Each structure stands twice: as structure tokens, then as C-alpha cells.
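Biologist: I'd like to learn how to read disulfides and helix faces in a model. Can we go through one together?

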Amino acid sequence: MKFLAFAIVLLGAGSSLEAAATPPSDLEDVGKIANGETYALECLIESGLKLDSLTSLSNSDFDTSGSKIKCLVKCFFEKTGFMDKEGKLQQEVITEQLSQFMPKERLETLVKNCNFQEPDACDTAYKVTECYFQNKAGIF
């Protein structure tokens, strides 16, 4: 659910989700990723999800829209170069782009610890993002 806060912050919609009630002050930094806001908006449109529905999603709604949300994350990862078209994470690209938001050594450890590869690329992207949140990365 925390990625939803990430998507909403990227799109400038505020943070009305429970998980984003008090987002870290550096969440807006993700919007500084080259074309990050544009990519997030493109992915939202491609997903078929509506921004207002994201802000009111509950855990039960996630069961219905979960795959679309996970694939929204994958879309963003692909557009930023964090993931290739085959669903493989691009650790060097992630480290390079996000090192402007946190110390490189800490980021390298985070990227290594959150290097999941699921059979489905949407699941991979979502699980990696959740790992970043769980490790309080301060980048999403």
C-alpha cells in the first residue's frame, strides 16, 4: 500500500492514504528523478486506474486492483530504467539515479538487500518498492 503514497506524491495529489499520513519530507525527491512525474502520470494512465481511486483504496480494494497497482509500479520502473523489458532489475541504474537522495554506500546496501526477482515483473517491482519502504529508505 505504501507505493500508492509514492504514486500520489509523484503526481502531486497529496497524501491521504493511511500509509502516507505523515510522509517523510524527502518523498518529493522522487519527483526529481529525470522525468519521474511524467513517467508516473503516463503509468497511471496506462494502468487504467484513476488517481482519485488510489487515494481512497483500502486493503480490500487492493485485492481487486492489486495487479494493476503492481503493474503501475513496474511501468514506472521500466520508464526510469530501474527494470528492463524482461523484468530484470537494473541495480546500477537504480544506484546511479537514487544516489542523489541518500548516501551511495547506504543505497548500495539497500539495492542489494532488496534485489528480488519474482516470476512476474509486476510482482518484482512492487516487492522491491515495499522493501525500500520497509527499510525506511527515504527515497520513495
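Modeller: Sure, start with a bond: Cys71 and Cys122 form a disulfide, with sulfur atoms 2.0 Å apart; the term means a pair of cysteine sulfur atoms within 2.5 Å. This is a predicted model, where local features need pLDDT of at least 70, side-chain atom pairs count only at pLDDT 80 or more, and totals for chains, interfaces and linings use all residues. Residues are numbered from 1 along each chain as its sequence is written, and side-chain values use heavy atoms, leaving out hydrogens and water.

Biologist: Which hand does the disulfide of Cys71 and Cys122 have?

Modeller: Right-handed, because the torsion about its S-S bond is about 100°. Cys71 sits in helix H4 and Cys122 in helix H7 (residues 121-134), so the pair ties together parts 51 residues apart in sequence. Helices here are DSSP runs (H or I, at least four residues), numbered from the N terminus.

Biologist: And how are the bonded cysteines of the chain paired, in sequence order?

Modeller: The pairing is 1-3, 2-5, 4-6. Cys43 and Cys75 make a left-handed one, since the torsion is about -80°.

Biologist: Which residues of H2 are buried?

Modeller: Buried means under 20% relative accessible area and exposed over 50%, with partly exposed in between (1.4 Å probe, protein chains only). In H2 the buried ones are Gly36, Tyr39, Ala40, Cys43, Leu44 and Ser47. Down the axis of H2 they fall within an arc of 135°, so they line one face; the arc uses directions from the helix axis to the C-beta atoms. Ile45 and Glu46, on the other side of H2, are exposed.

Note on methods. Helices (H or I, at least four residues) and strands (E, at least two) are DSSP runs, numbered from the N terminus.
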